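Q: Hi! Could you help me go through the charged pairs in this model? I'd like to start with one pair and work outwards.

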Amino acid sequence: QVQLVESGGGLVQAGGSLRLSCAASGRTFSNLFMGWFRQAPGKEREFVAAISGGGSRTYYRDSVKGRFTISRDNAKNTVYLQMNSLKPEDTAVYYCAADLRAKYGLVVVSLTENYDYWGQGTQVTVSS
């Protein structure tokens, strides 16, 4: 079993920045493929970014490329999502996800069903 706890959400003005953190426990962290997803009110949960266990491979949805950066510190069992140049359309609950299976390719890493473990979410609100 893997436990995930997100933190770092909040209210920020458009153009501002936030850094989300997700602390994992229960398994060897470097064996976990990690992802960030988000869900806005009335919408389906969507992929934001993902990172391989060793950190060598990262993936992003097109709308956040160049603004968001996913990273991980395996010594601290933590994955991060640095969000810059935030826009009102980034407003959502952000979820951390983990899976023990290796993944390759944007299509595969972006599917919610390919992750077995989920955090409780953290709210990000971007005001215009």
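Q: Which residue does Arg67 form a salt bridge with?
A: Arg67 pairs with Asp90 in this predicted model. Their closest N and O atoms are 2.8 Å apart.

Q: And where do Arg67 and Asp90 lie?
A: Arg67 lies in the loop between β6 (58–60) and β7 (68–73), while Asp90 lies in the loop between β8 (78–83) and β9 (92–99), so the salt bridge ties together parts that are 23 residues apart in sequence.

Q: Is Arg67 buried or exposed?
A: Arg67 counts as buried, because its relative accessibility is 10% and the cut-off for buried is under 20%. Asp90 is buried too, with a relative accessible area of 1%.

Q: Which residues are joined with Arg67 and Asp90 into one network?
A: Arg38, Glu46 and Arg61 are in that network along with Arg67 and Asp90. The link comes from salt bridges that share partners.

Q: Good to know. How many salt bridges are found in the whole structure?
A: A search of the whole structure gives eight.

Q: Let's take another one. What is the N to O distance for Lys65 and Asp62?
A: The side chains of Lys65 and Asp62 meet in a salt bridge at 3.2 Å, N to O.

Q: And is Asp62 buried or exposed?
A: Asp62 is exposed, because its relative accessibility is 60% and exposed means over 50%. Its partner Lys65 is partly exposed, at 48% relative accessible area.

Q: What about Arg101, which residue is its salt-bridge partner?
A: That would be Asp116, with the closest N and O atoms of the pair 3.6 Å apart.

Q: Which parts does the Arg101 and Asp116 pair tie together?
A: Arg101 sits in the loop between β9 and α1 (106–109), and Asp116 in the loop between α1 and β10 (117–118), so the pair ties together parts that are 15 residues apart in sequence. Arg101 is partly exposed, with a relative accessible area of 42%. Asp116 also counts as partly exposed, at 49% relative accessibility.

Q: Switching topic: which residues make the nonpolar surface patch?
A: Val107, Val108 and Leu111 make a nonpolar patch of about 240 Å² on the surface.

Q: Where is Val108 placed?
A: Val108 is in helix α1. As for exposure, Val108 counts as partly exposed, with 34% relative accessibility.

Q: Why can Val108 be part of a patch at that value?
A: Patch residues need over 30% relative accessible area, so Val108 passes that cut-off with its 34%.

Conventions: Residues numbered from 1 in each chain as written. Predicted model: local features only at pLDDT ≥ 70, side-chain atom pairs only at ≥ 80, totals over all residues. Heavy atoms only, no water. Salt bridge = Lys/Arg side-chain N within 4 Å of Asp/Glu carboxyl O. Buried < 20%, exposed > 50% of the residue type's maximum accessible area, 1.4 Å probe, protein only. Helix = DSSP H or I, 4+ residues; strand = E, 2+ residues; numbered from the N terminus. Patch = residues over 30% accessible without salt bridge, like charges linked within 9 Å, V, L, I, M, F, W, Y side chains within 5 Å. Areas by Shrake-Rupley, 256 points an atom, 1.4 Å probe, with all protein chains shown as cover.
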